[in-house]
Amino acid sequence: MEKAMIIINPTSGKEQGTSCIEQLKKQLAHYEVTVCETQKEGDATDFAKEACKQQLDLVVLVGGDGTVHEGINGLAEQTYRPKVGVVPLGTVNDFARALSIPLDVEGAIACIGGPSVEVDIGKLNGRYFTNVVAIGSLPDSVGNVSSEQKSMLGSLAYAWEGTKAAFQHETYSFDIDADGQQFSEESLLVLVALTNSVGGMSTIADQAAVDDGYLHGFVVRSGSVLTIAKLMTKIAAGTFRDDKDVHAFRAHQMTINGPSGIQLNVDGDMMEHLPAHFSILPKHITVYGKR
Ligand SMILES: Nc1ncnc2c1ncn2[C@@H]1O[C@H](COP(=O)(O)OP(=O)(O)OP(=O)(O)O)[C@@H](O)[C@H]1O
């Protein structure tokens with residue numbers, strides 16, 4: 001009999017996590033299932049590592065992007081990696097969106113066992129990421145959105161903090177090396193995306209496919225309120241990357257340096273500091289979903 005581990009964060013999103021376990025077990029009827037509830041930061045990584053060690057066939061990550069990020073960090077370094085299913089319970093759920101996994105519990109559960117994709121995983125310094133790394137004063141303030149704010153306001157909380165940051169329009173100087181090409185930029189926001197879902201929006205990194213083997217970089221060149229307002233409308237219209245204030249590039253390896261002490265927003269949570277060394281692990285983990 002095949003073996004599966006369900007890793008669930010009982011505090012994710014609106015805390016509806018544990019109620020979907022029975023449904024999930026029905027979908028996984030032909031698996032011997034172990035359920036692991038996370039208690040704190042780092043648990044999902046440890047459980048996922050254990051699933052590799054035991055050579056399980058499937059790991060289902062139930063939670064927000066933070067839980068997916070932690071679970072993938074447990075799998076990425078291992079030689080044997082189980083297939084992955086995702087049941088998104090967070091506010092943004094970028095990884096699920098990028099893989100066309102339905103955002104409702106029933107739909108997401110029904111996907112497990114269907115089509116799957118071998119997805120790229122990003123490496124940033126000593127850790128791994130699945131979606132996006134954001135650097136600059138904008139993500140700095142968006143990173144201050146509390147869980148309570150997120151639960152109550154959802155993406156509105158991000159929009160509010162982002163607007164506040166835009167009014168402060170503080171820019172930083174960044175030195176960037178992309179596959180050996182070097183350039184410097186004065187910027188409010190630098191994004192390194194792996195997928196076409198960034199902060200719940202599919203129109204920023206619209207050309208990034210989950211398995212194209214590239215890191216997709218975007219530098220927002222100026223920080224004026226007008227620039228930000230204009231870019232917001234361009235994001236809505238799907239023409240963000242063509243704007244003269246946006247420098248879009250892609251690479252297999254990148255190094256980004258800038259003022260020390262700036263924290264990075266990695267898959268939605270603040271962690272790591274500059275300098276940031278990026279690389280890509282192409283088609284590294286098989287996930288139930290579609291490209
Ligand atoms: N039992 C727990 N109690 C408190 N925090 C936990 C627990 N288990 C895991 N965590 C932490 O909660 C963090 C956030 O979890 P997750 O992203 O799944 O939910 P979320 O914050 O509701 O989602 P989103 O960020 O999309 O709104 C995880 O990165 C993890 O470190």
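## Domain contact, ligand shell and strand pairing

In this chain, 14 residues of domain 1 are in contact with 20 residues of domain 2. The model is a predicted one. Domain 1 covers residues 2–114, and domain 2 covers residues 129–283. On the side of domain 1 that touches domain 2, helix H3 and helix H4 (94–98) each supply at least two residues. H3 gives the most to this side, with six residues. By residue class, the side of domain 1 that touches domain 2 comprises seven nonpolar, three polar and four charged residues.

The chain as a whole holds nine helices and 16 strands. Of its 291 residues, 45% count as buried. Among contacts between residues at least 6 apart in sequence, 74% join residues at least 24 apart.

**The ligand shell**

Both domain 1 (2–114) and domain 2 (129–283) give residues to the shell around the ligand, and the ligand therefore lies between them. There are 22 residues around the ligand, of which Glu41, Gly63, Gly64, Gly66 and Gly90 come nearest. The shell is made up of two nonpolar, 14 polar and six charged residues. Two helices, H3 (65–76) and H7 (147–153), each supply at least two residues of the shell. The most is given by H3, with four residues. H3 thus appears in two settings: H3 gives the most to the shell around the ligand, and H3 also gives the most to the side of domain 1 that touches domain 2.

**Strand pairing**

Three strand pairs are set out below.

| Strand pair | Sense | Bridges | A residue and its partner |
|---|---|---|---|
| S5 (116–124) and S16 | antiparallel | eight bridges | serine 116 and tyrosine 288 |
| S5 and S6 (127–129) | antiparallel | three bridges | leucine 124 and arginine 127 |
| S14 (263–266) and S15 | antiparallel | four bridges | leucine 264 and methionine 271 |

Strand S5 pairs with S16 and also with S6. S5 and S6 form a hairpin with two residues between them. Asparagine 125, in the turn of this hairpin, has a positive phi of about 50°.

Strands S14 and S15 belong to an open sheet of six strands, in the order S12-S11-S10-S7-S14-S15, with antiparallel pairing. Strand S12 (246–251) and strand S15 (269–273) are the edge strands, each pairing on one side only. From one strand to the next, the twist averages 25°. Within this sheet, leucine 264 stands opposite methionine 271 in S15.

**Leucine 281 in S16**

Leucine 281 is found in strand S16, which spans residues 276–288. How many other C-beta atoms lie within 10 Å of leucine 281? There are 15, and leucine 281 is therefore partly exposed; a buried residue would need 20 or more, and an exposed one would have 12 or fewer.

Setting aside residues up to four places away in sequence, leucine 281 touches Ala76, Asp120, Ile121 and Lys123. Asp120, Ile121 and Lys123 fall within the residue range of S5 (residues 116–124), the strand joined to S16 by eight bridges. Ala76 falls within the range of H3 (65–76). Leucine 281 and valine 119 are 162 residues apart in sequence, and their C-alpha atoms are 8.8 Å apart in space.

How values were computed: Residues are numbered from 1 along each chain as its sequence is written. This is a predicted model: local features need pLDDT of at least 70, side-chain atom pairs count only at pLDDT 80 or more; totals for chains, interfaces and linings use all residues. A residue is near a molecule or strand if its C-beta atom, placed from the backbone, lies within 6 Å of it. Ala, Val, Leu, Ile, Met, Phe, Trp, Tyr, Cys and Pro count as nonpolar, Asp, Glu, Lys and Arg as charged, and the others, Gly among them, as polar. Domain bounds come from an automatic or database domain assignment. Two residues are in contact if their C-beta atoms, placed from the backbone, lie within 7 Å. Two strands pair if DSSP finds at least two bridges between them. Axes are lines fitted to C-alpha atoms, for helices over the stretch in contact, and angles run from 0 to 180 degrees between N-to-C directions.
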